[in-house]
Amino acid sequence: WGPRLGVTYDLTGTGKTVVKFNVGQYWNNNSLDIANSATPNPAAWYQAYKWNDLNHDGLFEPGEQGALVSSVGGAGTKVDPNLKNGFTREVVSYVDHELAPNFSLRTGFVWRERGQPFKSVNVNRPYAAFNVPVTVQDPGSDGILGTADDGGTTQAYNLTPALVGGPVQNVTENIPNGNSDYYTWEIEATKRSSGRWSLGASLAKTWSYQSILPVSPNDLINRDNGRDQFTTWQAKLNGTFELP
């Protein structure tokens, strides 16, 4: 089910000031995502290894690969049988007012949630298995430790030694606490088409709380409750003019 409900109400009875409210849920169109996750022969294959630069020349050479970090493709690829489809929920509330003939002003608020996200996770390296605390030194802008621009330290976590180098079993599954929320306020002015021209202008501000779908505690470093928080502004101006 993808329920949607809309209500419009004329505040004054003159048709000049109208309140609009809409709520709905929309299911994602996953295209090839699930098929690529289910097949052992996906469109893209790779294997990522820890790199041991034995001669310190900064160039990878055969034999310098260390423990297997991640891989895609092959028999170690499955889909969780309990996988749930992602969705978007949206609540929209606006007030429209006609200031003059053919000219209106509108302002409103939009809340949008992206729910039940999923991704491919190596279940042989679960979130709880990253439990070995390590202190990571910030090397600064030059990327070299022990120089004058070194920064502070960060608490991170290594994988428990018992699972290092183990087989990769990728499972596409829903990520707990992975929902994202977006809040937008907008104001818009519209000159409807009349006298050969039309004009529209709008200004919007969005507060984003975007999940990064954490698979280890390290994904939460410098994040608030596992989400990236940021604010964006957007302005639009468009118009038409009909030549004689």
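This passage walks through the sheets, pockets and a few selected residues of a predicted model.

Start with the bigger strand arrangement, in which 7 strands make up an open sheet. Their order runs 1-2-6-7-12-13-14, and the pairing is antiparallel. At the edges stand strand 1 (4–10) and strand 14 (227–241). Each of these two has a single partner strand, so one side of each goes without a neighbour in the sheet. Going from one strand to the next, the twist averages 10°. As a general point, side chains in a regular strand alternate between the two faces of the sheet.

One pairing within this sheet can be picked out in detail. Strand 12 covers residues 180–194 and strand 13 covers residues 197–211, and the two pair in the antiparallel sense over 12 bridges. Among the residues involved is Ser194, whose bridge partner in strand 13 is Trp197.

A neighbouring pair of strands in the order, 6 and 7, brings in a side-chain contact. Glu90 sits in strand 6, while Arg112 belongs to strand 7. The side chains of Glu90 and Arg112 are joined by a polar contact of 2.2 Å. How do the two residues fare in terms of accessible area? Glu90 has a relative accessible area of 16%, which is under 20%, so Glu90 counts as buried. Arg112, with a relative accessible area of 39%, is partly exposed because that value falls between 20% and 50%. Arg112 also comes to 5.1 Å from Tyr182, C-alpha to C-alpha, although 70 residues separate Arg112 and Tyr182 in sequence.

There is a second open sheet to consider, this one of 3 strands. Its order is 5-11-8, and its pairing is mixed. Strand 5 and strand 8 are the edge strands, each pairing on one side only. On average, neighbouring strands here are turned by 30° against each other, direction ignored.

The mixed character shows up when the two pairings are taken in turn. Strand 5 (residues 77–79) and strand 11 pair in the parallel sense, over 3 bridges. Here Thr77 stands opposite Asn170 of strand 11. Strand 8 and strand 11, on the other hand, run antiparallel and are joined by 5 bridges. Lys119 has Glu173 as its bridge partner in strand 11.

Strand 11 spans residues 170–174 and includes Asn174. The relative accessibility of Asn174 is 21%, and because the cut-off for buried is under 20%, Asn174 counts as partly exposed. Asn174 and Gly115 lie 59 residues apart in sequence, with 9.6 Å between their C-alpha atoms.

Now for the pockets. A probe the size of a water molecule, rolled over the atoms, shows where empty space is left. The largest pocket has a volume of about 550 Å³. Its lining is made up of 22 residues, and those nearest the centre are Leu68, Val69, Arg125, Phe130 and Leu159. Strand 3 (46–51), strand 4 (65–72) and strand 8 (118–122) each put at least two residues into this lining. Which strand gives the most to the lining of the largest pocket? That is strand 4, with 6 residues. By residue type, the lining of the largest pocket splits into 11 nonpolar, 8 polar and 3 charged.

The second largest pocket holds about 380 Å³ of space. It is lined by 20 residues, with Thr184, Glu186, Ala204, Gln234 and Lys236 closest to the centre. Two or more lining residues come from each of strand 6 (87–100), strand 7 (103–115), strand 12, strand 13 and strand 14. These five elements also appear in the order of the 7-stranded sheet. Strand 14 supplies the largest share of the lining of the second largest pocket, with 6 residues. The lining of this second pocket divides into 7 nonpolar, 8 polar and 5 charged residues.

How values were computed
Residues numbered from 1 in each chain as written. Predicted model: local features only at pLDDT ≥ 70, side-chain atom pairs only at ≥ 80, totals over all residues. Heavy atoms only, no water. Pairing = 2+ DSSP bridges. Helix = DSSP H or I, 4+ residues; strand = E, 2+ residues; numbered from the N terminus. Axes fitted to C-alpha atoms, helices over the stretch in contact; angles between N-to-C directions. 1 Å grid on protein atoms, 1.4 Å probe; cavity = no way out; pocket = protein on both sides within 12 Å on 5 of 7 lines; lining within 4 Å. Points joined across faces, edges and corners; volume = space filled by probe spheres on them. Nonpolar A, V, L, I, M, F, W, Y, C, P; charged D, E, K, R; others polar. Buried < 20%, exposed > 50% of the residue type's maximum accessible area, 1.4 Å probe, protein only. Polar contact = N/O pair within 3.5 Å; in protein donor to acceptor, adjacent residues only side chain to side chain.
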